[in-house]
Amino acid sequence: MGEVELSCRAYVKMYLHACLFPRCSINGLLLSSSSAGGAVCVTDCVPLLHSHLPLAPITQLALTQVDVWCSQTQQRIVGYYQANACVSDSSPTPCALKIADKIAEQFDSAILLMLDGSKMSPDYRVPPIVMYERKDSRWMLKDKHTIMLRQWEETRAIASQMQESGDHTLLVDFDSHLDDITKDWTNQKLNTKIAELASPANGNI
């Protein structure tokens with residue numbers, strides 16, 4: 001499997017999801033709107049749950065709805081992300097492996113991304129992520145040198161600025177949407193905010 005590129009929008013939303021529910025395990029889906037050959041470009045993510053992660057019916061419902069939305073917006077599900085409630089533990093849980101396997105059935109180059117809670121502070125200089133790829137029916141650690149986060153310094157600054165200003169409370173995950181269906185799990189408002197902050201930094205998200 002080749003390189004993986006993570007966009008500013010995708011990283012910031014994962015980071016804010018973890019910040020919004022600091023004592024919970026959280027998860028979500030990684031999306032791509034790019035069909036670039038070879039590299040997987042993660043252009044967005046959909047935050048899913050912050051409670052009952054292993055609950056299969058909710059996960060299945062979310063996967064189905066996101067899949068339908070992706071087909072309407074020329075995107076596809078290319079991976080899965082999770083942060084564990086225990087910050088010192090960034091290893092994939094059985095639930096993470098199961099959902100990632102399901103995605104890999106539809107997309108050969110699927111990725112499994114774990115957020116490392118012990119490295120989530122704004123001062124940390126490298127992306128707090130651990131990425132896995134599927135090889136021979138097993139999820140193996142991916143070589144760090146094949147993971148690209150362009151404009152990392154700007155992305156890190158945007159993530160911490162949004163957290164400090166309370167913008168992380170704008171984030172809606174699928175869990176929150178199920179509690180109040182007027183809430184938008186596609187997070188268009190948050191996407192616009194990230195785009196506004198990112199445009200002076202790098203001209204694209």
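How many strands form the open sheet in which strand 1 takes part, and in what order do they come? Three strands make up that open sheet, in the order 3-1-9, and the pairing is parallel; pairing here requires that DSSP finds at least two bridges between two strands, while strands themselves (E, at least two residues) and helices (H or I, at least four residues) are DSSP runs numbered from the N terminus.

Before I go further, a word on what we are looking at: this is a predicted model, in which local features need pLDDT of at least 70 and side-chain atom pairs count only at pLDDT 80 or more, whereas totals for chains, interfaces and linings use all residues. Residues are numbered from 1 along each chain as its sequence is written, and side-chain values use heavy atoms, with hydrogens and water left out.

Let me begin with the overall picture. The protein chain has six helices and nine strands. Its radius of gyration, taken over C-alpha atoms, is 15 Å, close to the 17 Å that the globule rule (2.2 Å times the number of residues to the power 0.38) gives for 205 residues, so the chain is as compact as a globular protein of that length. The C-alpha trace spans about 40 × 40 × 35 Å along its principal axes. Buried residues, meaning those under 20% relative accessible area, with exposed being over 50% and partly exposed in between (1.4 Å probe, protein chains only), make up 49% of the 205 residues. If we take the contacts, that is, heavy atoms within 4.5 Å, with a separation of 6 or more, 70% of them are accounted for by residues 24 or more positions apart.

Coming back to the open sheet, strand 3 (40-42) and strand 9 stand at its edges, each with a single partner strand, so one side of each is left without a neighbour in the sheet. Strand 1 and strand 3 run parallel and are joined by three bridges, and within that pairing Cys41 of strand 3 is the bridge partner of Glu5.

Glu5 deserves a second look, since its side chain also takes part in a salt bridge, with Arg150, where the closest N and O atoms are 2.7 Å apart; the rule for a salt bridge is a side-chain nitrogen of Lys or Arg within 4 Å of a carboxyl oxygen of Asp or Glu. This pair links distant parts of the chain, with Glu5 in strand 1 (residues 4-6) and Arg150, 145 residues apart from it, in the loop between strand 9 (147-148) and helix 4 (152-164). Glu5 is buried, with a relative accessible area of 19%.

By the same rule the count comes to ten salt bridges. Among them is the one between Glu133 and Lys135, at 3.5 Å from N to O, in which Glu133 is buried at a relative accessible area of 5%, whereas Lys135 counts as partly exposed at 43%. Arg9, Lys13 and Asp44, for their part, are linked in a network of salt bridges.

Which residues of helix 4 are buried? They are Trp152, Thr155, Arg156, Ile158, Ala159, Ser160 and Met162. Arg156 in this list has a relative accessibility of 13%, and its salt-bridge partner is Glu153, with the closest N and O atoms 2.7 Å apart. Both lie in helix 4, three residues apart, about one turn of the helix, although Glu153 counts as partly exposed, at 39%. Just after helix 4, Gly166 takes a positive phi of about 85°.

Now to strand 2. Seven of its seven residues are buried, so strand 2 is largely enclosed by the rest of the structure. Strand 2 runs antiparallel to strand 5, to which seven bridges join it, and there the bridge partner of Asn27 is Gln82. Five bridges join strand 2 to strand 4 (residues 44-49), again antiparallel, and Leu31 stands opposite Asp44 in strand 4. Asp44 is the residue we met in the network with Arg9 and Lys13.

What, finally, does helix 3 (residues 94-106) pack against through its buried residues? Those residues are Cys95, Ala96, Ile99, Ala100, Ile103 and Ala104, and they pack against strand 2 (26-32), helix 2 (56-72), strand 5 (76-83), strand 6 (111-115), strand 7 (129-135) and strand 8 (138-141).
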